[in-house]
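Q: I would like to learn how to read a binding site, a sheet and a few odd backbone angles from a model. Can we go through them in turn?

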Amino acid sequence: MNITVVGTGYVGLVTGACFSEMGHHVLCVDNDARKIEMLKRLEMPIYEDGLQEVVERNVEQGRLNFSTSIKEGTEYAEVIFIAVGTPPGYRGQANLSYVEQVGRTVAEHMTSYRLLVEKSTVPVNTGEQLKRTMTKYLREDVAFDVASNPEFLREGTALVDAFNPDRIVIGVESDRAAQLMEEIYKPIVEQSGCELLRMNIASAELTKHASNSFLAMKISYVNAVSRVCELAGADVKQVAHGMGLDSRIGKQFLHAGVGYGGSCFPKDVDAFVHLSDQIGYDFQLLKEVQRINQAQREHLMAKIQHELWVIQDKVVAILGLAFKPGTDDVREAPSLYFVPQLLEAKANLRLWDNVAAKKFDEIHPGLTYIEDPLECARGADLVLILTDWPEIKNLDLKALKEAMKAPVVIDGRNVFEPEKMEELGFTYYSVGRPAT
Ligand code: UGA
C-alpha cells in the first residue's frame, strides 16, 4: 500500500520507517526543509537504535521517500497518518494547531477518498474536530474518514516496540476505514501475534491518555512509597520487587528514582488533567501524580544541599543528562531541573553524557562536558547520577572513589547497592533506601 506520514519526529519517522520495512511504500512529509534534506542524505535528526539501518535499507529499495509538501503527500496515498507535534499550549492544553493545519491542507488538496489517521497523542474528541475542519475546507464533494491509531512505542526501544507491539488500537467509524487499517497492520499482526483492537475514535484517543497516565501514576506511586521507605528504614527496591511479583501489579515501571521525564509523560498527564477538567471531571489523582514527581526532584536537591552545605565553588559531576538511557532526548529531563539550580548556587559543574551532550548544549551552552564518566568525576566534591546508562552501572567504584575529592554519590536512579558503597567508604544517598 501507499502510505503518507506527516511529521518526522520520533513517532512519525519510526512509524514511516516501520511501515516501509513491512513492505508498504511510504512518503514521509515534514514542513521543516532542513530535516527533510538531512533525511534525504540519510542523516537521522534523532538518535534511535537501529533507525538508521532501517531508513537506509528502505530508501535504497525505493520504498521510503521524503517530501516537504502535504499536497504531494495527499496525492501519494489514500491513507495519511498525522504524526506532528502536539506541544503544551495555553494553560497546559495540547496545542493542536499543527494537527489542524494538516487536516485543512489535506482537505484542500484531496480529489478522492482519503483516510486521515491521528497518530500523535491528542485529546479525546480531536477526531470530531478534525472531521469538522475537513468538511469545512474540502474543495470537492469527496468522501473521507478520520481514524485514531495511538502509538505506544518508547524512545530508545522504538523499533523493537513498533515491530512487537503489545496491542494495536484503531478507532474508526466505518468498515472502509477499518479495512484499510487492518490491511496496513496485517504484516505486524501476523508476525507478532498481537491483538488489533477496533473501537470508536473517542475510546482509542482515551486509551492512549489513560495508558500513559497510568504508567506515570505507577512511577509516582513507587516514588511516594520510597519516601515512606526512607522514613521507615525499608528498601524500596525490595518492596517494589515484592509488589511486582504479584501478576496483578506487574514488575515494570516500579523503579523509584528522580521522577519521570521525557516528551510524553509530563505533557500527557498535564493534558489529561486539563481535558478531564474541560469536560467536567476534576482528576485530583493525576494532579497528585504530578506533585509527587516534582517533589522527588526537590527532595534530591535537598539531599545535595544538606551534604554540600555550601554549594558555591564545589565541583559537582553530573552523570547522565538524557531523560532515560538509550536516547539523546533531554526534554523534561531531570537534568534540566538540577543544572540551573546548581549553576544558580554557583557550583562548578562537570557533565557526562556522550549521547545527550549535544542536545543539552543547545539549551545550556558553554558548560563543561567530559567524555569519560570516571574523568568527569575526577576532583569532584559530589557525583550526581541522573540517568542509568550502562557506562555508569559499570563504573569501577574503587577508581571512582580515588578520583573524587570527597567520595559523595547522590544516586537518582538507584544504580548501586548501599551495602557495597558503604563497604567502599562512600557517603551514598539513593532513593528510598538507607543512606550510608
Ligand atoms: C512513554 C511510554 O512508555 C510509551 O508507551 C509511549 O508510547 C510514549 O511515552 C509516548 O507517549 O510517546 P517514553 O517517554 O519513551 O515512553 O519513556 P518511558 O520508558 O516510558 O520512560 C518515561 C520516564 O519514566 C523516564 O524518565 C524514565 O526514567 C521514568 N521511569 C520509567 C521511572 O522513573 N521509573 C520506572 O519504573 C520507569
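**Ligand shell, sheet and loops**

A: Start with the ligand: 19 residues surround it, and those that come nearest are Phe152, Leu153, Glu155, Lys208 and Asn212. Bear in mind throughout that this is a predicted model.

Q: Which polar atoms lie close to oxygen atoms of the ligand, and at what distances?

A: Look for pairs of N or O atoms within 3.5 Å. Here a backbone N or O atom of Glu155 lies 2.7 Å from an oxygen atom of the ligand. For Glu151, a backbone N or O atom is 3.4 Å from a ligand oxygen. Asn212 instead uses its side chain, with a polar atom 2.7 Å from an oxygen atom of the ligand.

Q: How much of the ligand's accessible area does the protein cover?

A: Take the area that the ligand has on its own, then ask what share the protein covers. On its own the ligand has 720 Å² of accessible area, and the protein covers 91% of that.

Q: Which elements give two or more residues to the shell?

A: They are helix H9 (201-232) and helix H11 (265-278). The largest share, three residues, comes from H9.

Q: How do the shell residues divide by character, and which domains do they come from?

A: Sort by side-chain class, then by domain. The shell has nine nonpolar, three polar and seven charged residues. Domain 1 (2-199) and domain 2 (287-429) each supply at least three residues to the shell.

Q: In what order do the strands of the five-stranded open sheet stand?

A: Read a sheet from one edge to the other. The order here is E10-E9-E11-E12-E13, and the pairing is parallel. Strand E10 (348-352) and strand E13 (427-429) are at the edges with a single partner strand each, so one side of each has no neighbour in the sheet. From one strand to the next, the twist averages 15°.

Q: How many bridges join E9 to E10?

A: Five bridges join strand E9 (residues 315-319) to E10, and the two run parallel. As one case, Val315 has Asn348 in E10 as its bridge partner.

Q: Which residues other than glycine have a positive phi, and where do they lie?

A: Check the sign of phi first, then the residue type, then the location. Leu42 has phi near 65° and is not a glycine; Leu42 is in the loop between helix H2 (33-40) and helix H3 (51-60). Trp309, also not a glycine, has a positive phi of about 60°. Trp309 is found in the loop between helix H12 (284-308) and E9.

How values were computed:
Residues are numbered from 1 along each chain as its sequence is written. This is a predicted model: local features need pLDDT of at least 70, side-chain atom pairs count only at pLDDT 80 or more; totals for chains, interfaces and linings use all residues. Side-chain values use heavy atoms; hydrogens and water are left out. A residue is near a molecule or strand if one of its heavy atoms lies within 4 Å of it. A polar contact is a pair of N or O atoms within 3.5 Å; within protein, one must be able to donate a hydrogen and the other to accept it, and residues adjacent in sequence count only if both atoms are side-chain atoms. Accessible areas come from the Shrake-Rupley method with a 1.4 Å probe; for residues, only the protein chains shown count as cover. Helices (H or I, at least four residues) and strands (E, at least two) are DSSP runs, numbered from the N terminus. Ala, Val, Leu, Ile, Met, Phe, Trp, Tyr, Cys and Pro count as nonpolar, Asp, Glu, Lys and Arg as charged, and the others, Gly among them, as polar. Domain bounds come from an automatic or database domain assignment. Two strands pair if DSSP finds at least two bridges between them. Axes are lines fitted to C-alpha atoms, for helices over the stretch in contact, and angles run from 0 to 180 degrees between N-to-C directions.
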